[in-house]
Amino acid sequence: MTAHISAAFDSGNIRVLSQDGDRFDLEIITDQRSDFYQWFHFRLTGAAGRTVELRITNAAGSAYPDGWPDYRARWSADREDWRLAETSFADGILTIRHACDVDSLWFAYFAPYSMERHHDLVASVAMLPGVGYRSLGQTLDGQDIDYLTVGEGKLQVWLYARQHPGESMAEWWIEGAIGRLTDPFDPVARVLRREATFHIVPNMNPDGSRRGHLRTNAVGVNLNREWHEPTAERSPEVLAVRNRMDETGVDFAIDVHGDEAIPYVFLAGFEGIPSLTERQAALFNRFRDTLARRSPDFQSKHGYAVVGSGGANLSMSTNQLAERFGAVSMTLEMPFKDNDDLPDPEFGWSAERSMRLGEDCLGALHEMIGDFAA
């Protein structure tokens, strides 16, 4: 049987340049109307009993080439368990070598979170007691911007993910957080639902997710550079969410992401906003330190450089929310590589660990929920 590669499915992205037996030369396709590319997701069929060599030849020109050294691709036979594949990066080419046991395998940059799983998540959660649902509007491709609410407290908490659609670990985090928040037997969740109202957007960028984009929406716009003045023509996703935020207010917010190059879990804050207050900074630091104590997967030593006073980019959501609402907002980053503080040689940083981190973040918020009323 001749081996074959395809990517004509939800979040699929790869182009076959050439094939020589079980060796393929491939390239990642850029986001629509954009130069960004790094996400890949494809299916290999017909190679059982043989070792394939999959060479992504344009890796060096990707959006974040520093993400390839020490990176390992994910593979799966059942699309449930995603394990680390033998992967190397040399001379600008990312090479995946895999001994195939079956005739149908999937490979991806990270464990995918499909739009079908997204719809299943929203449908199942929206049916639960105490959960509200509405569509905040439509994307440029006509998909709904799904929005869930949980809780009845005064504290307005916003959780939102996948502004950058290729960062699929972000929606796995959301699934973990929602699972804990809606558990009727979890005492932490019961307190959080009593003290706060949670506003949740599981996927900020459905179009980019379905199209197999790394970083942009249907017209090549990076949503996390639109928060200062979003428009219906370029960024209806941000416009709809920010308009709803203006109606509810924002006290605490987590924007969930993945980082290509840094092999750690970390937070980025809002230190450079013009109106920074001591209270905002203290609450951010308290949350960071509490999470570090609760989760061995989180740390505060490695991350992005702190921006100096007045240097914040207000087109980014974390800075915009802190400035606009006086919120304690943050960007949570998880790795595409493994977490060097606690490596897993079989799975690396995974969907499951992303979900557990979502649960731990709610635990950290519970510990300090009273500080917001002080």
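In this predicted model, Arg23 has a relative accessibility of 37% and therefore counts as partly exposed. Arg23 also takes part in a salt bridge with Glu53, in which the closest N and O atoms are 3.8 Å apart. That pair links distant parts of the chain, since Glu53 belongs to strand E5 and Arg23 to strand E3, with their positions 30 residues apart. The arrangement extends to a further arginine, for Arg23, Glu53 and Arg97 are linked in a network of salt bridges.

A second charged pair spans these two strands: the side chains of Asp25 and Arg55 meet in a salt bridge, with 2.7 Å from N to O. Asp25 lies in strand E3 and Arg55 in strand E5, so this pair ties together parts that are 30 residues apart in sequence. Both Asp25 and Arg55 are buried.

The backbone pairing around these residues can be described in the same terms. Strand E3, covering residues 23–27, is joined by four bridges to strand E5, covering residues 51–56, and the two run parallel; within this pairing, Phe24 has Leu54 of E5 as its bridge partner. Strand E5 also pairs with strand E9, residues 93–99, in the antiparallel sense and over six bridges, and here Ile56 stands opposite Leu94 of E9.

The structure holds 22 salt bridges, and the table lists three of them, including one that joins Arg234 to Glu226.

| Salt bridge | N to O distance |
|---|---|
| Arg23 and Glu53 | 3.8 Å |
| Asp25 and Arg55 | 2.7 Å |
| Arg234 and Glu226 | 2.7 Å |

In the pair formed by Arg234 and Glu226, the two partners fall into separate classes of accessibility. Arg234 is partly exposed because its relative accessible area is 42%, whereas Glu226, at 6% relative accessibility, counts as buried because the cut-off for that class is under 20%.

Another part of the model contains an open sheet of seven strands, arranged in the order E11-E12-E14-E13-E15-E17-E16 and with mixed pairing. Its edges are formed by strand E11 (131–138) and strand E16 (266–268), each of which pairs on one side only. Neighbouring strands of the sheet are turned against each other by 25° on average, with direction ignored. Within the sheet, strand E12 (residues 144–151) and strand E14 (residues 196–201) run antiparallel and are joined by four bridges, and the bridge partner of Leu148 in E14 is Ile200.

Helix H8, residues 351–367, packs on this sheet and touches strand E13 (155–161), E14, strand E15 (252–259) and strand E17 (328–335), while its direction makes about 155° with that of E17. Arg353 is found in helix H8, and with a relative accessibility of 12% this arginine counts as buried, because buried residues are those under 20%. The side chain of Arg353 makes a polar contact of 2.5 Å with the side chain of Asp297. When neighbours within four places in sequence are left aside, the residues in contact with Arg353 are Asp297, Asp338, Asn339, Leu342, Asp344 and Gly348.

Definitions and conventions
Residues are numbered from 1 along each chain as its sequence is written. This is a predicted model: local features need pLDDT of at least 70, side-chain atom pairs count only at pLDDT 80 or more; totals for chains, interfaces and linings use all residues. Side-chain values use heavy atoms; hydrogens and water are left out. Two strands pair if DSSP finds at least two bridges between them. Axes are lines fitted to C-alpha atoms, for helices over the stretch in contact, and angles run from 0 to 180 degrees between N-to-C directions. Contact means heavy atoms within 4.5 Å. Buried means under 20% relative accessible area, exposed over 50%, partly exposed in between (1.4 Å probe, protein chains only). A polar contact is a pair of N or O atoms within 3.5 Å; within protein, one must be able to donate a hydrogen and the other to accept it, and residues adjacent in sequence count only if both atoms are side-chain atoms. A salt bridge is a side-chain nitrogen of Lys or Arg within 4 Å of a carboxyl oxygen of Asp or Glu.
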